[in-house]
Each structure stands twice: as C-alpha cells, then as structure tokens.
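Me: Hi! Could you walk me through this protein while I have it open? I'll keep my questions short.

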Amino acid sequence: MRIAFHTLGCKVNQYETDAMISKFVKNGYEIVGENDEADVYLVNTCSVTNMAERKSRQYIRRMKKKNEDAIVVVAGCYTQLSADELKQMPEVDILVGTNEKADIVNYVENFIKADEKFHEYIKEYDELKVYEELGITKPVDSRMRAFVKIQEGCNRFCSYCIIPYARGNVRSRDIDMVIEECSQLISTGTKEIILTGINTALCENLLEILKRLDEMDGDFRVRLSSLEPTVVNKEYVKSLFKFKRLCHHLHLSVQSGSDAVLKEMNRSYNRTQYLDIVKELRNFDKYYGLTTDIIVGFPGETDKDFDDSLDIINKSMYVHTHAFKYSKRKGTKAAVMPNQVDDEIKKTRIDKLIEVGLQSSKAFFELNKGTVQKVLFEEYDEQLKAITGYTDNYIKVYLQCDSDDAEKLINQFVMVEMLDNNGEIVQVVEVK
C-alpha cells in the first residue's frame with residue numbers, strides 16, 4: 001500500500017504528520033510524494049484562517065484526482081471544527097479529529113475491510129482533555145533539527161483565534177516520553193531540538209524538561225518554538241537564563257503594539273509589559289534574537305494604533321517580523337466586531353509594516369556584525385554556491401564554499417564571524 005501526505009499549518013501539524021508517517025512505515029506502507037499516485041492520501045488540515053480551510057479543500061480534491069479509487073483521509077483542526085462541512089465533500093472517506101491520530105493505521109485498515117463508504121473519528125470538545133501520545137517520532141526530512149511536541153491545547157481564547165476550540169483543553173505530555181524522544185533523536189545525530197506545542201508556555205513541565213535536557217550528554221542545542229506573552233512575564237523569562245543549552249532566541253508574538261487593540265484581542269498584557277520582557281532578555285544578552293507576529297487591520301485599529309505597532313518593532317529590534325493582514329475567522333468574537341478595517345487600508349499598512357520589519361532585521365544584523373556566533377550548518381545552496389544555517393540567535397547565514405567543503409560542515413556546529421548583511425535576510429560569514 002502506497003500512502004501520500006500533505007500538511008497545512010503549524011509546526012505541531014508537521015510533527016503530527018511525521019508521527020503518522022512513522023506509524024504507517026512500521027506497518028509496511030510505502031511513503032510516496034503527494035504528486036505521485038497512491039492508494040491512500042492523507043491531508044492534515046489547518047483551520048487558523050478561512051483561507052487555510054479553503055486550501056485544505058483544494059488539496060483534498062487534488063489528491064482524489066490523482067487516483068479516484070484511493071482512500072482520502074482528512075485529519076486535523078478543520079476536521080475537528082467543521083466535520084459536517086467536510087462530510088459534504090464526496091472525495092472524503094475518513095475524518096480524523098485532532099485527538100484521534102494514534103490509531104490512524106487501524107482507521108485506514110478498518111475502512112478497507114468494511115462495507116461502509118465513510119468513517120468518522122472525532123471527539124467532542126469536552127472530551128479533548130487527555131494528551132494523545134503518538135509515540136517516539138522522527139522527522140521525515142531533516143536529521144539535524146527536530147520538533148518535539150510537549151503540549152496540547154490552549155485556554156487563552158484570543159478574540160481572533162479559533163484554535164482553542166479545535167485543540168481543546170490545555171494538557172502536557174508526559175515528561176519521560178519527551179526526554180526519551182529527545183534522547184533517541186540526539187543519539188541518531190539530531191543537533192537541534194525544538195520544543196513545540198499549541199501554546200508551549202502552558203506546558204506544566206517546561207522548566208523541568210529544559211533542566212533534564214541541560215543535563216543530558218551529547219552535542220546538541222535546544223530551541224523553544226515560541227513563548228506567549230499571554231502566559232509569561234519578565235520574571236518567567238529570567239528563569240530561562242540558567243539553561244546552557246537553550247538558544248538565545250525566542251518567538252514572542254506581540255500581535256499589536258497598541259494597548260487598545262491588545263485589549264480587544266484579549267491578549268492579557270500591555271505594550272509596557274511586553275517591552276519589559278524584551279528589556280529583560282536584552283539585559284541578559286544584547287544579541288538575544290527575537291521574532292514575532294503582528295496583525296494589521298484588526299477591527300477598530302486606528303492610524304495611531306498602527307503607529308504603535310511600528311514603534312514596538314523599532315524598540316524590539318526583531319530578527320524577523322511575520323506580518324499578517326487581519327481576516328475574519330468565522331466563529332470568533334473579532335469576526336462580528338464593529339469598525340472592520342477596509343482592505344485597502346490593510347494593504348497600505350502591511351506594506352509599511354513589512355518595510356519597517358526589514359529595517360529592524362538589518363539593524364539587528366548590524367548589531368551582530370563583527371561578533372563570533374555558533375552556527376548549525378544545514379544545507380548547500382547550489383545557486384548561491386554557499387552553505388546555509390542558523391546562529392544560536394536565529395540569524396540565517398551563508399558561507400560561500402564548494403560542495404565538497406560543504407559536506408564536511410553540514411550538521412556541524414561551527415564558530416563563525418558575522419561579516420555583513422547581503423541585502424536579503426541572510427548574513428555573510430567566515431569560519432573562525
């Protein structure tokens with residue numbers, strides 16, 4: 001049996017796809033590309049925006065066209081939230097919710113044996129209370145960096161976000177399973193462990209996990225995929241400074257620089273509290289790397305509110321700023337708020353925000369110029385004739401060399417001197 005996968009959305013979805021791939025491989029299935037003909041197609045969907053749901057539907061139809069006799073399995077957040085909608089699609093054979101992936105192979109094999117033409121495995125929201133252990137998972141496409149899921153669910157209910165309804169109650173993964181998975185990854189050559197979850201900061205064992213990883217043997221580093229300022233404060237981040245393996249980089253989503261907008265978003269912090277966290281990090285290490293998400297055009301956002309977002313970018317000096325235009329998400333409070341912002345205003349604002357974000361990146365690059373940083377080199381770019389990788393503080397760098405020299409550096413930590421920004425979001429380096 002041949003099976004193909006397509007994953008939409010976040011890193012948690014990618015982790016869960018890798019886990020499902022591992023299960024099918026153990027049961028003798030052959031993994032093929034999503035553009036190949038397969039006996040089973042699995043689409044792991046996203047529901048963070050209406051556009052993500054539309055893309056999910058497009059992939060479902062596209063995969064069925066590859067082989068009209070194939071079994072099409074649809075999993076993930078879209079399935080959890082809108083099963084009735086997906087049932088109307090004749091291409092769909094099996095629906096699997098967000099907490100039902102552990103038995104995915106059995107679902108497919110039961111479908112093959114049964115006479116029914118449609119199977120559904122979805123828990124109700126109130127049942128999403130127990131962490132679903134997917135077993136030891138290995139990344140499919142990378143041996144040097146691996147995501148490890150440590151947490152599920154969210155209880156913050158930001159007014160623009162539907163994901164708490166898709167993922168359910170907050171629950172944490174068993175710490176021994178986390179450490180066992182990390183240990184196996186490290187033993188097979190993984191150099192960077194990225195701890196991830198729906199809201200990683202809500203993991204009740206996070207500090208203990210970091211402590212135990214700090215005590216492990218091996219040549220590796222640890223990165224947090226994100227920490228939400230809705231959960232952490234400056235006192236919390238100070239507790240991270242003692243972990244030697246932890247990268248000096250955090251993804252700290254601000255979403256808006258305006259107190260008025262943050263309140264309407266139900267983000268439970270203000271800009272001063274956010275900037276206090278930034279100050280604490282930069283007092284610890286002035287080269288501490290920060291990345292963020294910012295939404296423009298949230299309902300009621302004024303020119304002054306938008307200027308506050310530009311200002312917080314300048315004050316925080318982000319490595320990268322991920323900019324998003326607000327779009328209504330059915331089922332959220334923000335979708336029915338008054339004073340929805342005109343699309344043309346959103347476009348003007350996001351163009352400006354992207355420009356300021358790039359200036360912020362260049363300023364951070366300039367700050368790092370001349371410093372010596374530790375880089376994990378990952379891949380060779382034939383077009384650039386350079387090997388690329390990331391510093392501890394999450395600057396993407398490239399070192400020009402031939403492919404033979406690159407082979408010796410891939411999946412290795414190398415100390416480099418930061419030379420200059422090449423005009424894009426990468427930095428030129430030389431080996432020290």
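Reply: Happy to; here is a chat about the overall fold, some strands and a few backbone angles. The model is predicted, so local features need pLDDT of at least 70 and side-chain atom pairs count only at pLDDT 80 or more, while totals for chains, interfaces and linings use all residues. Residues are numbered from 1 along each chain as its sequence is written, and side-chain values use heavy atoms, with hydrogens and water left out.

Me: Great. How many helices and strands does the protein have?

Reply: There are 14 helices and 18 strands. Helices (H or I, at least four residues) and strands (E, at least two) are DSSP runs, numbered from the N terminus.

Me: And how compact is the protein for its length?

Reply: Its radius of gyration is 22 Å, close to the 22 Å that the globule rule gives for 432 residues, so the protein is as compact as a globular protein of that length. The radius is taken over C-alpha atoms, and the rule is 2.2 Å times the number of residues to the power 0.38. Along the principal axes, the C-alpha atoms fill a box of roughly 65 × 60 × 40 Å.

Me: What share of the residues is buried?

Reply: Buried residues make up 56% of the 432. Buried means under 20% relative accessible area, exposed over 50%, and partly exposed in between (1.4 Å probe, protein chains only).

Me: Let's zoom in on β3. How many of its residues are buried?

Reply: Six of the six residues in β3 (residues 40-45) are buried. V40, L42 and N44 point one way, Y41, V43 and T45 the other way, and all are buried.

Me: Why do they split like that?

Reply: In a regular strand the side chains alternate between the two faces of the sheet.

Me: Which strands are joined to β3?

Reply: Strand β1 (residues 2-7) runs parallel to β3, with five bridges, and strand β4 (residues 71-76) is also parallel to β3, with six bridges. Two strands pair if DSSP finds at least two bridges between them. L42 is a handy landmark: F5 stands opposite L42, and in β4 the bridge partner of L42 is V73.

Me: Switching topic: what is the strand order in the open sheet of four strands?

Reply: The order is β8-β7-β9-β10, with mixed pairing. β8 (171-172) and β10 (221-224) stand at the edges with a single partner strand each, so one side of each is left without a neighbour in the sheet. Strand β7 (residues 145-152) and β8 run antiparallel, joined by two bridges, and E152 has R171 in β8 as its bridge partner.

Me: What about β14, further along? Which strands pair with β14?

Reply: β14 (residues 372-381) pairs with β17 (residues 413-421) in the antiparallel sense over five bridges. β14 and β15 are antiparallel too, over six bridges. V375 is a residue to click on: V375 stands opposite V414 in β17, and its bridge partner in β15 is T391.

Me: Where does a positive phi turn up in that hairpin?

Reply: K385 takes a positive phi near 55° in the hairpin of β14 and β15, which has four residues between the strands. Y394 is another case, with a positive phi of about 75° although it is not a glycine; Y394 lies in the loop between β15 (386-391) and β16 (396-400).

Me: And Q255, buried or exposed?

Reply: Q255 is buried, with a relative accessible area of 8%. Q255 sits in the loop between β11 (249-251) and α10 (259-265), and its phi is positive as well, near 70°.
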